[in-house]
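Q: Could you take me through one part of this model in detail, namely the place where the ligand sits? I'd like the contacts, the pocket and any odd backbone spots in the loops.

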Amino acid sequence: QQQLNPSQDYAGIRILITAGPTREPIDPVRYLSNHSSGKMGYALAQAAQQAGAKVTLVSGPVNLTPPAGVAVVKVMSALEMHHAATSRSAEHDIFIGCAAVADYRPESVADNKIKKSNDELVVKMVKNPDILADIANSEPRPFCVGFAAETQDVEHYAKDKLTRKKLDLIAANDVAKTGQGFNAEHNSLTVFSKTDAIHIPLASKLDVANALLSLVLIHYKK
Ligand code: CTP
Ligand code: CA
């Protein structure tokens, strides 16, 4: 497994990373979210910083200490994350979308706490903008790396995201496998480019981050 040369390989390279979940408010006291811990994105930020990169981490709400030397922008909702990331992407060489962005948000946020009344509550959801696709279609465009969390047909769905969102690389993880993915300490990935697929075997998220960054560097420099 390839590993980065600490403090050298990414010298002078600016990396923007999104990490963690987003929270989509329903009313002043409630939100919809997911189980993302942010660990993979924070590991990527730490590994990149240690390899000499200038790192900006746009982070949803997580229980993690930001890695030293990393500029952190804290956000809550997908719309906030979208603004924080897209407004900074032109100043970065590489974008890695590691966040588990909520695909939908409640159409409107109630001004007051919704009172319990009927037996059913219907919350209408509308689609959030796709941060990764928007950055991949922007100009100037950083080198774009996506993640694909899948529970089935991992290769098919990951490659579909690679072409549909016009990405340079996509790192797929099978979140259905036990002990990896959301909220786990370890992870394994299969990284697809247009032409090849490379497997990063199960390891700590920091080791997987280093391996992914060394692959990213090879493709970035091509
Ligand atoms: N992503 C994003 N903004 C969104 C949704 C997803 O930037 N609104 C990014 C994620 O950070 C990830 C990639 O897109 O890098 C793929 O996310 P994923 O949820 O696997 O794919 P989706 O395109 O949302 O499709 P689906 O959830 O239906 O699989
Ligand atoms: Ca999604």
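A: Here is a walk from the ligand outwards.

First, some housekeeping: this is a predicted model, so local features need pLDDT of at least 70 and side-chain atom pairs count only at pLDDT 80 or more, while totals for chains, interfaces and linings use all residues. Residues are numbered from 1 along each chain as its sequence is written, chains are lettered from A and ligands numbered from 1 in the order in which they are written, and side-chain values use heavy atoms, with hydrogens and water left out.

Ligand 1 has 14 residues around it, and G97, A99, F147, K161 and K165 come nearest (a residue is near if one of its heavy atoms lies within 4 Å). By class, that shell holds eight nonpolar, two polar and four charged residues (Ala, Val, Leu, Ile, Met, Phe, Trp, Tyr, Cys and Pro count as nonpolar, Asp, Glu, Lys and Arg as charged, and the others, Gly among them, as polar). Helix 3 (131–136) and strand 9 (143–150) each put at least two residues into the shell, and strand 9 gives the most, with four (helices, H or I with at least four residues, and strands, E with at least two, are DSSP runs numbered from the N terminus).

Now the N and O pairs. The side chain of D103 has an N or O atom 3.0 Å from an oxygen of ligand 1. On the backbone side, an N or O atom of I131 is 3.0 Å from a ligand nitrogen, and one of A149 is 3.4 Å from a ligand oxygen. The protein covers 78% of the 570 Å² of accessible area that ligand 1 has on its own (Shrake-Rupley method, 1.4 Å probe).

Zooming out, ligand 1 sits in the largest pocket (more than half of its atoms lie within 2 Å of the grid points). A pocket here is an open set of points on a 1 Å grid over the protein atoms alone, where a 1.4 Å probe fits, with protein on both sides within 12 Å along at least five of seven lines; lining residues have an atom within 4 Å of a point. The lining counts 39 residues, with A99, A100, V101, D103 and F147 nearest the centre. Helix 1 (39–50), strand 6 (94–97), helix 3, strand 9, helix 4 (154–164) and strand 10 (169–174) each give two or more residues to that lining. Strand 9 again gives the most, with four.

Last, the loops. Most residues other than glycine have a negative phi, and most peptide bonds are trans. Between helix 3 and strand 9 sits P140, and the E139 to P140 peptide bond is cis, with omega near 0°. D153, in the loop between strand 9 and helix 4, has a positive phi near 45°. K166 falls between helix 4 and strand 10, with phi near 55°.

How values were computed: A polar contact is a pair of N or O atoms within 3.5 Å; within protein, one must be able to donate a hydrogen and the other to accept it, and residues adjacent in sequence count only if both atoms are side-chain atoms.
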